[in-house]
Amino acid sequence: MATPEAKNTSKLIKTILLIVLIIGISIASTFFLLKQFGPSLLGAQPAMAVEPQAPVVPKPIFLALEPFTVTLNEPRANRILYAEISLRVMDDTARQQLQTYMPEVRSRVLAEMARYDAISLQSTEGRSQLTNNVLAALKAPYDSQLAAPAISSVLFTAFVVQ
């Protein structure tokens with residue numbers, strides 16, 4: 001017959017095998033769950049290969065003005081300036097406002113251009129100054145109840161001094 005010592009040893013071995021089996025099943029199920037569900041089980045977001053998107057740049061809004069022919073400020077000779085101008089505006093509201101006040105827009109541009117002489121307009125600094133002055137003249141409000149139009153730049157698309 002089996003001795004009590006053998007029964008205790010057999011019972012101890014069975015208990016150890018049961019504990020090892022439970023630990024093995026626990027480790028196997030943990031690996032399985034992590035492989036299936038990944039980091040989402042741990043509360044982290046899965047790392048996805050996402051290409052960075054380029055920032056969305058709004059389309060520019062341009063308003064082309066009819067060509068200008070201006071007699072320049074020359075005391076001894078009759079010199080003229082022929083220029084084509086496009087305005088880059090920030091929004092459709094500014095474009096509509098400028099179209100509504102187009103006679104005044106053209107008048108402001110003509111008045112500004114007539115202040116220059118041929119020599120100053122043939123230099124880079126003179127053209128830059130003309131651009132800045134036209135921009136400032138056009139940004140002024142056209143009516144006391146309206147905000148100034150949002151114009152970002154004045155672009156000369158043709159520029160001839162004769």
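A search of the whole structure, a predicted model, finds two aromatic pairs. The first to describe joins Y101 and Y142: their ring centres are 5.6 Å apart and their planes stand at 25°, so the pair is stacked. An angle under 30 degrees is what counts as stacked. Y101 lies in the loop between α2 (92-100) and α3 (102-113). Y142 lies in the loop between α5 (124-139) and β4 (151-161). The pair therefore ties together parts that are 41 residues apart in sequence.

The other pair is F156 with F159. Here the ring centres are 5.2 Å apart and the planes meet at 85°, so the pair is edge-to-face. The cut-off for that label is an angle over 60 degrees.

How exposed are the rings? The table lists each residue of the two pairs.

| Residue | Relative accessibility | Class |
|---|---|---|
| Y101 | 22% | partly exposed |
| Y142 | 7% | buried |
| F156 | 25% | partly exposed |
| F159 | 18% | buried |

Buried means under 20% relative accessible area, so F159 at 18% counts as buried. Y101, at 22%, counts as partly exposed.

**Charges over rings**

Y142 has a further partner. The charged end of R108 sits over the Y142 ring, 3.9 Å from its centre. R106 lies over the face of F68, at 4.2 Å from the ring centre.

**Packing of α3 and α5**

R108 also belongs to a helix contact. On the α3 side, the contact is made by V105, R108, V109, E112 and M113. On the α5 side, L130, N133, V134, A137 and L138 take part. The two helices pack at an angle of about 145°, with their axes 9 Å apart. Their crossing is right-handed. What is the make-up of the contact residues of α3 with α5? Seven are nonpolar, one is polar and two are charged.

**Strand β4 at V154**

V154 lies in strand β4. Its relative accessible area is 7%, so V154 is buried. Which residues does V154 contact, leaving aside neighbours within four places in sequence? They are I85, S86, L87, T131, V134 and L135. V134 also appears in the contact of α5 with α3. Far along the chain from V154 is I16: the two are 138 residues apart in sequence, and their C-alpha atoms are separated by 87 Å.

**T71 and Q99**

T71 is placed in strand β2 (residues 68-71). Is T71 buried or exposed? With a relative accessible area of 52%, T71 is exposed; the cut-off is over 50%. Not counting residues up to four places away in sequence, T71 touches R79, I80 and A114. The C-alpha atoms of T71 and E125 are separated by 20 Å, and the two residues are 54 apart along the chain.

Q99 sits in helix α2. At 40% relative accessibility, Q99 counts as partly exposed. The C-alpha atoms of Q99 and K7 are separated by 104 Å, with the two residues 92 apart along the chain.

**Back to Y142**

The entries for Y142 can be read together. The Y142 ring stacks with Y101. The charged end of R108 sits over the Y142 ring. Y142 itself is buried, at 7% relative accessibility. R108, in turn, is one of the α3 residues that make the contact with α5.

How values were computed. Residues numbered from 1 in each chain as written. Predicted model: local features only at pLDDT ≥ 70, side-chain atom pairs only at ≥ 80, totals over all residues. Heavy atoms only, no water. Phe/Tyr/Trp six-rings, centres within 6.5 Å; stacked < 30°, edge-to-face > 60°. Helix = DSSP H or I, 4+ residues; strand = E, 2+ residues; numbered from the N terminus. Buried < 20%, exposed > 50% of the residue type's maximum accessible area, 1.4 Å probe, protein only. Lys NZ or Arg CZ within 6 Å of the ring centre and 35° of its normal. Axes fitted to C-alpha atoms, helices over the stretch in contact; angles between N-to-C directions. Left-handed = near helix turned anticlockwise from the far one by under 90°. Contact = heavy atoms within 4.5 Å. Nonpolar A, V, L, I, M, F, W, Y, C, P; charged D, E, K, R; others polar.
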